[in-house]
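Please walk through this protein with its sequence and its model side by side. The paragraphs below go from its domains to its sheets and then to two of its helices.

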Amino acid sequence: MLFITCLLTIPARLAGETPEPACEIEGVSEYQLDNGLKVLLVPDSSIPTLTVNLIIRAGSRHEPYGQKGIAHLLEHMMFKGTATYPDVRNVIRRNGWSMQASTWNDFTNYETTMPGTRENLEEIIHFEADRFANLRVTSSQLIEELKIVLNENSNAKASPENVLTEQMISAAFPWHNYGRATIGNQGDLSKITVDSLEAFRQTHYRTDNATIVLAGRFEPKRALENIRAHFGRLMCPERVPPIESTIDPPQTGERRVTVRGMTGKPVAALLYHGPAGAHEDFAALEIFLSALMDATPGYLWAQERFRSAAVVSPDILGDGQLWGRISGLKQRGFVELYGTMPTDSAPEPLLNELIAATERFAESVTREQVRTAKRRVLARMQSQLLDLRSFAVELRYWESLGDWRLYFLHRDRVKNVHVDDVRRVAKRYLHRNNRTEGLYFASSEPVVTTIQEPQVPTESFDGFRRESAVSVGEWIEPEPLAVESRVNRHSFPNGVKVALLPKRTRGSMVHARLTFRLDSNVMPVTDTGALSLLPKLITSTNAKATSRRRVPGSVGLGTTFGSNTDDGFSITIRSEKEHFLVMLERLNHLLSEPCFTQDEFESLKRTNVASLERRSRLPYPLADEHLRRSGAKSIQEELDSLKSITFADVLDCYRQLTGNVHGEFVAVGDFEPKAVIAKVALPLDRWQSEHKFQPSSSHQVESETTELQIDGSPSACFAGDLYVQVGRDHPDYVALLVAHRVWMLHRLIPRISQDVGLSYYYSNALQPLPGTDQSRVSLRATCDSVRLLELKRAIADSFFSLHSTDITVDELSLAKEQLANSARMKFWSDKSLLSSLAESTSENRSFVDDSNLTRRINEVALADVQRAGQSYLKFDQMVIVVAGDVASAADPDQ
Ligand SMILES: [Zn+2]
């Protein structure tokens with residue numbers, strides 16, 4: 001485990017004059033060794049002591065997952081000695097050193113104060129360089145020390161404020177390591193090994209990541225010689241330190257943490273994200289806190305407790321205390337305010353007062369309060385500068401931010417803070433969306449649930465058997481003719497169509513669907529709002545219960561589910577073989593009279609209104625539904641009509657439709673066709689219209705672009721429909737189908753997703769419109785609002801490319817292959833079989849047509865595909881709706 005970074009080379013300069021420092025400010029001189037070690041000398045021969053502070057710019061922020069607490073544990077292990085200094089306690093005692101170490105988010109430091117003698121100077125430099133490079137740790141030492149560290153851990157957890165702080169910071173920084181407490185995680189700590197400790201040390205304890213500060217009584221020239229002699233020969237590893245990339249996205253609303261514990265008094269606390277310590281706002285925010293608290297806030301853990309009637313009223317605070325602190329760390333910062341409460345009081349009122357006082361103070365803070373606060377902070381900094389020991393320690397903080405000189409820069413910034421700066425930063429950082437609130441309740445009986453270590457109970461599988469194996473399904477070749485040969489088609493005298501595919505299925509399940517389609521002459525008289533509620537109401541809980549009562553013994557036999565379709569509605573049934581006929585009988589009852597209740601109606605209406613309102617603010621549904629209605633009702637009008645619907649309207653709709661619609665029934669699964677036909681004859685007959693089905697007429701739509709602005713929406717949707725005068729029977733239909741697939745695969749997708757990542761959610765389909773001589777190309781794609789115009793441009797380009805670039809043989813064959821695959825997909829599962837069966841039956845087709853289509857797709861010529869693409873797939877004839885923060889979209893040409 002010992003890794004020697006020591007190399008016995010002779011340092012370049014050993015003797016001579018004190019070299020020129022790289023930089024010097026107010027008695028602090030900076031030097032740098034060739035291996036990157038930074039040296040800060042603050043000599044003062046008027047005092048008897050010397051303080052040496054070794055700062056490593058690595059702390060808990062740098063800990064990997066599963067090793068939370070390792071930086072602090074290593075700090076402890078740094079006192080375990082080396083081959084040269086096997087007994088650290090003895091060295092300390094012998095020389096009269098006073099030694100301390102600490103670990104924080106951004107740094108670890110080792111501070112020693114001693115009588116300022118030559119011998120001490122030489123010994124401490126030798127000692128620090130030696131343990132920096134040659135630390136030796138055994139597993140038994142690690143196990144021993146771990147007890148002490150775990151004890152520190154439980155001590156920290158005993159203080160309500162510490163526990164609350166830990167959880168609030170964790171809530172404020174869900175990703176960044178600032179959210180993980182330096183003290184670490186007990187589970188992680190107990191699994192840290194000598195090897196992982198050594199790996200962490202070698203990664204971060206490198207000369208270019210360390211600074212040594214000497215302050216007090218010493219000879220600068222001799223000190224530099226000593227440092228060069230001992231630290232100068234350590235080699236800095238060549239490998240680069242790990243890259244830190246994790247940041248938290250800006251907070252977008254208040255967060256609240258509640259802790260209940262047995263000890264202490266109730267606590268209310270606030271935490272706001274703030275700037276990093278090197279940021280210029282940090283000084284003004286520090287002055288704000290000082291003015292608010294009427295005291296000097298300490299950095300980091302140095303905190304001041306006080307009571308201030310200006311902040312919260314005494315009758316709420318009672319004998320409690322307030323304190324605050326500001327932490328400007330290397331990458332981020334935060335401001336915290338805490339208040340303890342009298343025992344037995346509730347912390348919420350204090351929290352509310354603390355919030356109000358803090359967030360309102362920006363308006364009321366006076367010039368005089370700012371002046372006083374500045375005087376206090378500057379006085380504290382001045383006294384640090386005068387006490388060399390505390391100054392040497394203070395420098396660790398600014399060094400951990402990247403440069404000790406920030407101490408002086410910060411002092412200047414504090415001097416220049418104006419009351420307007422204080423107001424500005426307060427408004428910027430201290431507001432609701434940036435706030436984490438904390439409440440600690442002292443509770444007499446806290447209940448905790450400890451989750452056990454997961455274990456798979458392998459012994460429980462001994463002799464484990466299912467009661468009976470699930471029956472296995474039957475394989476039908478996924479080819480149209482093979483499937484069609486098994487389909488049982490039937491027509492009732494009145495024209496009602498039934499298509500049944502009896503086959504063995506997994507678990508003997510039967511899937512069935514009854515579809516009702518509305519005549520175009522029924523559509524206008526039907527209230528579309530009422531129709532949108534009807535299918536769910538027909539299969540409502542009460543309706544099912546009523547039908548169950550009429551068909552005794554039919555509890556829990558299967559499911560019935562109603563949903564709306566483009567031109568009507570459908571009811572889907574799923575049940576096991578043995579219950580299927582009973583389910584059909586139940587369906588008959590559901591369709592014989594309305595069995596749903598007014599309560600169910602009201603509840604469904606509320607749900608639908610809420611869903612429509614929500615969709616009206618989401619780009620995709622908004623654009624999609626606007627386009628589907630193509631100029632009929634706006635989503636708002638739809639909402640209004642939905643809200644105005646009464647229970648009587650729905651009953652009316654039910655009665656109007658009975659005897660006036662067209663229906664089909666399809667089923668896939670384990671059943672006896674004759675028995676099924678007998679059962680469905682009745683409901684179908686009751687609802688079926690005597691007239692021939694009149695589909696809605698062709699779409700006559702003008703190409704145009706509609707923009708639907710949703711302020712502040714990060715995402716946007718492009719929805720476009722293109723109507724082409726090519727129906728399923730048109731001679732160009734097959735060529736168009738292939739051209740569409742070529743365009744989608746080779747022209748559209750590379751432009752919007754594959755190559756540029758503009759849009760990863762898109763759908764695209766070409767669909768013949770039943771009963772018309774038209775087909776529709778529907779394209780939906782989402783993107784970031786700012787990139788909407790870019791997306792629109794890319795889509796347009798994909799269409800134009802059909803004119804500018806010839807379709808290649810490869811493009812054609814891949815498109816044909818894909819179409820053949822999607823054709824087979826229709827037959828791959830019982831559910832997709834059901835949908836395909838429903839679709840073809842409603843269009844008076846059989847799967848023989850699918851087979852013909854596949855053959856024709858294979859035979860279509862490149863020239864025909866090319867021509868069809870150019871004649872029909874035209875961007876400028878597309879009806880387009882874009883929704884999102886359209887105003888924020890950036891023009892790709894600019
Ligand atoms: Zn410790």
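Helices (H or I, at least four residues) and strands (E, at least two) are DSSP runs, numbered from the N terminus, and the expected span of a helix is 1.5 Å times one less than its number of residues. The model is a predicted one, in which local features need pLDDT of at least 70 and side-chain atom pairs count only at pLDDT 80 or more, while totals for chains, interfaces and linings use all residues. Residue numbers start from 1 along each chain, as its sequence is written.

The domain assignment, whose bounds come from an automatic or database domain assignment, gives domain 1 (23-230), domain 2 (255-442), domain 3 (480-687) and domain 4 (704-888). Between the centres of domain 2 and domain 3, taken over C-alpha atoms, there are 63 Å.

Strands of a sheet pair through backbone hydrogen bonds, either parallel or antiparallel; here two strands count as paired if DSSP finds at least two bridges between them. One open sheet has seven strands in the order S1-S2-S3-S7-S4-S6-S5, with mixed pairing. Strand S1 (23-25) and strand S5 (98-103) are at its edges, each with a single partner strand, so one side of each has no neighbour in the sheet. At one of these edges, S5 pairs with strand S6 (residues 108-115) in the antiparallel sense over six bridges, and Thr103 stands opposite Thr108 in S6.

Another open sheet has six strands in the order S15-S16-S20-S17-S19-S18, again with mixed pairing. Its edge strands are strand S15 (488-491) and strand S18 (558-565), each of which pairs on one side only. Neighbouring strands of this sheet are turned by 15 degrees against each other on average, direction ignored; for such angles, axes are lines fitted to C-alpha atoms, for helices over the stretch in contact, and the angles run from 0 to 180 degrees between N-to-C directions.

Beginning at S15, this strand and S16 pair in the antiparallel sense over four bridges, with Lys497 in S16 as the bridge partner of Ser491. The two strands form a hairpin with five residues between them, and Gly495 in the turn has a positive phi of about 100 degrees. S16 also pairs with S20, in the parallel sense and over six bridges, and there Lys497 stands opposite Glu664 in S20. S20 (residues 661-669) in turn pairs with strand S17 (residues 509-518) in the antiparallel sense over nine bridges, where Val661 in S20 is the bridge partner of Leu518. Helix H24 (residues 673-687) lies across S15, strand S16 (497-502), S17 and S20, and runs at about 160 degrees to S20; contact here requires C-beta atoms, placed from the backbone, within 7 Å.

Two helices remain to be followed. Helix H5 (residues 160-172) has 13 residues and reaches 18 Å from its first C-alpha to its last, close to the 18 Å expected at 1.5 Å a residue. A residue is called buried if 20 or more other C-beta atoms lie within 10 Å of its own, exposed if 12 or fewer, and partly exposed in between, with C-beta atoms placed from the backbone; the buried residues of H5 include Val163, Leu164 and Ile169. The buried residues of H5 pack against helix H4 (139-158), strand S8 (255-261), strand S9 (267-274), strand S13 (333-340) and strand S14 (435-442).

The 17 residues of helix H26 (residues 788-804) should span 24 Å, and its end C-alpha atoms are 24 Å apart, which agrees. Among the buried residues of H26 are Leu791, Ile795 and Phe799, and what covers its buried residues includes helix H25 (733-754) and strand S24 (775-784).

Key
Contact = placed C-beta atoms within 7 Å.
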